[in-house]
Amino acid sequence: MLHSPRTVSEVMTHTAVAVGLEAPFKDIVALMDQWKVSALPVVEGEGRVIGVVSEADLLPKEEFRDSDPDRFTQLRRLTDLAKAGGLTASDVMTTPAVTVHPDATLAQAARIMAQRKVKRLPVVGAGGLLEGIVSRADLLKVFLRTDDDISDEVRQEVVAPLFRSPTDTVRMEVSDGVVTLVGRVKDTSLVPVATRLVRAVEGVVDVQWNPPGAEASAG
């Protein structure tokens, strides 16, 4: 069985910078600049996340500074025009916040980011309380695993359990995260199975099969 996938709690930033509902517009901009982040969670009470304010939420104030939008633009950009007049976090934030739980896998968090087109996610625990922040950069940390580390896991948890036949001769190489399996196997139906399992190992960039002769290759 493969190792349990890494979770958001293992890579997230536990010290999360957040703002309250009444945080002034300029203070939000200053915090983003100070901490070099593109978005901040908005919290109330003991730290319950109720929204997120991002650079995109703040830009309408600059965009519409010296313009007099026509009727069509007013109807089409109603939300942005409202944010252009905002003074505090409650005026400009996007709500409800797109969040993730600390026990979510990195793959799950990556899918949320891609689907919702966000660069970072507040990590919330019980009661929606803020526990940290996970960013795109955090999710990419799995690719910092060494080739030796990846090789050990693939050998122990994929190659050894699957290819037990005395006639199976599978050897493996890992270079820059790309796993190459070379060899002849008795049951070629195991090739795509092994490919899927290897690809699921965190830190693997790609999987290649180079069996000798006319052996089946993975799809």
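The following exercises, each with a worked solution, concern a predicted model of a protein chain.

**Exercise 1. Overall dimensions**

Determine how the radius of gyration of the protein chain relates to that of a compact globule of 219 residues.

Solution.
Step 1. The reference value for a compact globule of 219 residues is near 17 Å.
Step 2. The protein chain itself has a radius of gyration of 24 Å, so the reference value for a compact globule does not describe this chain.
Step 3. The extents of the C-alpha trace may be set beside this result: along the principal axes they are about 75 × 40 × 25 Å.

**Exercise 2. Composition, contacts and surface**

State how many helices and strands the protein chain has, and describe its contacts, burial and exposed area.

Solution.
Step 1. The secondary structure comprises 10 helices and 8 strands.
Step 2. Consider contacts between residues at least 6 apart in sequence: of these, 58% join residues at least 24 apart.
Step 3. Of the 219 residues, 40% are buried.
Step 4. The exposed area of the protein chain is about 12,700 Å², and carbon and sulfur atoms contribute 53% of that area.

**Exercise 3. Charge distribution**

Count the positive and negative side chains, and find how far apart the centres of the two sets lie.

Solution.
Step 1. The protein chain carries 25 positive side chains and 31 negative ones.
Step 2. The centres of these two sets are separated by 4 Å.

**Exercise 4. Backbone geometry in the loops**

Identify where Pro96, Lys36 and Lys117 are placed, and characterise the backbone at each of them.

Solution.
Step 1. Pro96 belongs to the loop between helix 6 (89-92) and helix 7 (106-116). The peptide bond that leads from Thr95 to Pro96 is cis, its omega being near 0 degrees.
Step 2. Lys36 lies in the loop between helix 2 (25-35) and strand 2 (39-44). Its phi is near 55 degrees, a positive value in a residue other than glycine.
Step 3. Lys117 occupies the loop between helix 7 and strand 4 (120-124). For Lys117, phi is about 55 degrees, again positive although the residue is not a glycine.
Step 4. The accessibility of the two lysines completes the description. Lys36 counts as exposed because its relative accessibility is 66%, and Lys117 is exposed because its relative accessible area is 71%; the cut-off for exposed is over 50%.

**Exercise 5. Ser151 and Leu144**

Decide whether Ser151 is buried or exposed, and do likewise for Leu144, buried or exposed.

Solution.
Step 1. Ser151 is located in helix 9 (residues 147-162). With a relative accessibility of 10%, Ser151 is buried, because buried means under 20%.
Step 2. Once neighbours within four places in sequence are set aside, the contacts of Ser151 are with Met172 and Val174.
Step 3. Leu144 sits in the loop between helix 8 (136-139) and helix 9. Its relative accessibility is 67%, and Leu144 therefore counts as exposed.
Step 4. A spatial relation of Leu144 may be added: Glu202 is 58 residues away in sequence, while the C-alpha to C-alpha distance is 9.8 Å.

**Exercise 6. Salt bridges**

Give the number of salt bridges in the structure, and examine those of Arg155, Arg145 and Arg77 with aspartate partners.

Solution.
Step 1. The structure contains 13 salt bridges.
Step 2. In one of them, Arg145 pairs with Asp149 at 3.0 Å, N to O. Asp149 is partly exposed, its relative accessible area being 35%.
Step 3. In another, Arg77 pairs with Asp80 at 2.8 Å, N to O. Arg77, at 18% relative accessibility, counts as buried, whereas Asp80, at 23%, counts as partly exposed. The two residues fall into separate classes because the cut-off for buried is under 20%.
Step 4. Arg155 forms a salt bridge with Asp152, with 3.6 Å between the closest N and O atoms. Arg155 is partly exposed at a relative accessible area of 40%, and Asp152 is partly exposed at 38%. Both residues lie in helix 9, 3 residues apart, which is about one turn of the helix.
Step 5. Finally, Glu63, Arg77 and Asp80 are joined into one network by salt bridges that share partners.

Methods. Residues numbered from 1 in each chain as written. Predicted model: local features only at pLDDT ≥ 70, side-chain atom pairs only at ≥ 80, totals over all residues. Heavy atoms only, no water. Helix = DSSP H or I, 4+ residues; strand = E, 2+ residues; numbered from the N terminus. Buried < 20%, exposed > 50% of the residue type's maximum accessible area, 1.4 Å probe, protein only. Contact = heavy atoms within 4.5 Å. Rg over C-alpha atoms; globule rule 2.2 N^0.38 Å. Areas by Shrake-Rupley, 256 points an atom, 1.4 Å probe, with all protein chains shown as cover. Lys, Arg positive; Asp, Glu negative; His and termini not counted. Charge placed at Lys NZ, Arg CZ, Asp CG, Glu CD. Salt bridge = Lys/Arg side-chain N within 4 Å of Asp/Glu carboxyl O.
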